[in-house]
Amino acid sequence: GVVVGGVGFLLRRRMPHDTPAASKGFPLFDALRNYPKQMLQVVGLSLINAAVFYITFVYVITWLKRASGMGASTATIINSVNMAIMISLIMGVAWLSDRIGRKLILTAAAIGLVIFAWPLMAMMKTGDTSLVFLGQLGLAILIGTYGAVIPITMCEIFPRGVRCSAVSTAYNICVGLAGGTAPAVCEWMITRTGYMLFPALYIMLAAAFSALAALSIHAESRKAISDSVIPHLANELAT
């Protein structure tokens, strides 16, 4: 956190001053009034970053201990390695999305989670170290692919005047409600039903909603950021 804060401080000192987009009023009220559909899109898009990520990388250690008897130390090592692999995907997938578009990547990754979440978690349930690693690796690749594209996608949905307020509100509502409660919901359902693969069903459901949200993105949404922000910053840099 200290390193990230330091880097952010240095970057901000070297960036040109950017005047606020909203000259009057409350951007969040404007977003709620004029862009409710887009805010619902962001909520839907964020379900994978929320519920699916929390289950796969936060709740998973508790789940592995309960479902397969795997020790916390081994589960943590596997989890850490797969998170590192996931992070390594971000730059490449983000670069690819600039060339082939966001919608295709988001939809493919979300549908991939719907199709493969159950078999991948079934592999992990065996408790075999190699199968646990491969199962979570498959989930990490799909989540990493999706996560690499979602930040810029959310920003491109809104015009500059309401972007920060709209994205931050919709995204954090989703993460707080869907992500923060996901481990508790999974644990409660496993206790009630005895079905250890319920987390896979939860992932599939969340990913299905995210896939629908990705399919609803308009192809012209990229202009919202490219036409208003990039030229604006380019002109300031030039002066």
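**Helix packing in an all-helical model**

The crossing of helix 4 and helix 8 is right-handed. This description refers to a predicted model. The axes of helix 4 and helix 8 come within 8 Å and cross at roughly 25 degrees. An angle under 35 degrees counts as roughly parallel, and helix 4 and helix 8 are therefore roughly parallel to each other. On the side of helix 4, the contact is formed by Leu-47, Asn-49, Ala-50, Ala-51 and Tyr-54, while helix 8 contributes Tyr-171, Cys-174, Val-175, Ala-178 and Gly-179. Sorted by class, the contact of helix 4 with helix 8 has 8 nonpolar and 2 polar residues, and no charged residues.

The wider setting of this pair may now be given. The secondary structure of the protein consists of 12 helices and 0 strands, and the pattern along the sequence reads α-α-α-α-α-α-α-α-α-α-α-α. Of the 239 residues in the protein, 39% are buried. Among contacts between residues at least 6 apart in sequence, 83% join residues at least 24 apart. The accessible surface of the protein amounts to about 12,500 Å², and 70% of that surface belongs to carbon and sulfur atoms.

Two packed helices are described by the angle between their axes and the distance between the axes. On these terms, helix 4 has a further partner in helix 7: the two pack at an angle of about 155 degrees, with their axes 10 Å apart. Angles over 145 degrees count as roughly antiparallel, and helix 4 and helix 7 are therefore roughly antiparallel to each other. The crossing of helix 4 and helix 7 is left-handed, whereas that of helix 4 and helix 8 is right-handed. From helix 4, Ile-48, Asn-49, Val-52, Phe-53, Thr-56, Phe-57, Val-60 and Leu-64 meet Val-132, Gln-136, Leu-139, Ala-140, Ile-143, Tyr-146, Gly-147 and Ile-150 in helix 7. The residues of the contact of helix 4 with helix 7 divide into 12 nonpolar and 4 polar, with no charged residue. Asn-49 of helix 4 takes part in the contact with helix 7 and also in the contact with helix 8.

Gln-136 shows one position of helix 7 in detail. This residue lies in helix 7 and has a relative accessible area of 1%. Buried means under 20%, so Gln-136 is buried. Apart from its neighbours within four places in sequence, Gln-136 is in contact with Thr-56, Phe-57, Val-60, Ile-78, Asn-79, Asn-82 and Met-124. Among these partners, Thr-56, Phe-57 and Val-60 also belong to the contact of helix 4 with helix 7.

Ile-141 offers a contrast within helix 7 (residues 129-157). Ile-141 is partly exposed, with a relative accessible area of 37%. Along the chain, 52 residues separate Ile-141 from Leu-89, yet their C-alpha atoms are 7.5 Å apart in space.

Beyond helix 4, the chain passes into a loop that leads to helix 5 (72-100), and Met-70 lies in this loop. At 7% relative accessibility, Met-70 counts as buried. Once neighbours within four places in sequence are set aside, Met-70 is in contact with Leu-64, Lys-65, Ala-75, Ile-78, Gly-127, Thr-129 and Val-132. Val-132 is 62 residues away from Met-70 along the chain, and their C-alpha atoms are separated by 9.4 Å. Ile-78 is in contact with Met-70 and also with Gln-136.

Helix 6 and helix 10 form a further pair, with axes that come within 8 Å and cross at roughly 165 degrees. Helix 6 and helix 10 are therefore roughly antiparallel to each other, and helix 6 passes helix 10 in a left-handed crossing. In this contact Lys-103, Leu-106, Thr-107, Ala-110, Ile-111, Leu-113, Val-114, Ala-117, Trp-118 and Met-121 of helix 6 meet Pro-199, Ala-200, Leu-201, Ile-203, Met-204, Ala-207, Ala-208, Ser-210, Ala-211, Ala-214 and Leu-215 of helix 10. The residues of the contact of helix 6 with helix 10 comprise 18 nonpolar, 2 polar and 1 charged.

Helix 3 (residues 36-45) links these elements through its buried positions, which are Met-39, Gln-41, Val-42, Gly-44 and Leu-45. The buried residues of helix 3 pack against helix 2 (27-34), helix 4 (47-68), helix 6 (102-125), helix 7, helix 8 (163-179) and helix 10 (198-215). Helix 3 thus packs against both members of the pair formed by helix 6 and helix 10, and against helix 4, helix 7 and helix 8.

Notes
Residues are numbered from 1 along each chain as its sequence is written. This is a predicted model: local features need pLDDT of at least 70, side-chain atom pairs count only at pLDDT 80 or more; totals for chains, interfaces and linings use all residues. Side-chain values use heavy atoms; hydrogens and water are left out. Helices (H or I, at least four residues) and strands (E, at least two) are DSSP runs, numbered from the N terminus. Buried means under 20% relative accessible area, exposed over 50%, partly exposed in between (1.4 Å probe, protein chains only). Contact means heavy atoms within 4.5 Å. Accessible areas come from the Shrake-Rupley method with a 1.4 Å probe; for residues, only the protein chains shown count as cover. Axes are lines fitted to C-alpha atoms, for helices over the stretch in contact, and angles run from 0 to 180 degrees between N-to-C directions. Angles under 35 degrees count as roughly parallel, over 145 as roughly antiparallel, 65 to 115 as roughly perpendicular and the rest as oblique. A crossing is left-handed if the near helix is turned anticlockwise from the far one by less than a right angle, and right-handed if clockwise. Ala, Val, Leu, Ile, Met, Phe, Trp, Tyr, Cys and Pro count as nonpolar, Asp, Glu, Lys and Arg as charged, and the others, Gly among them, as polar.
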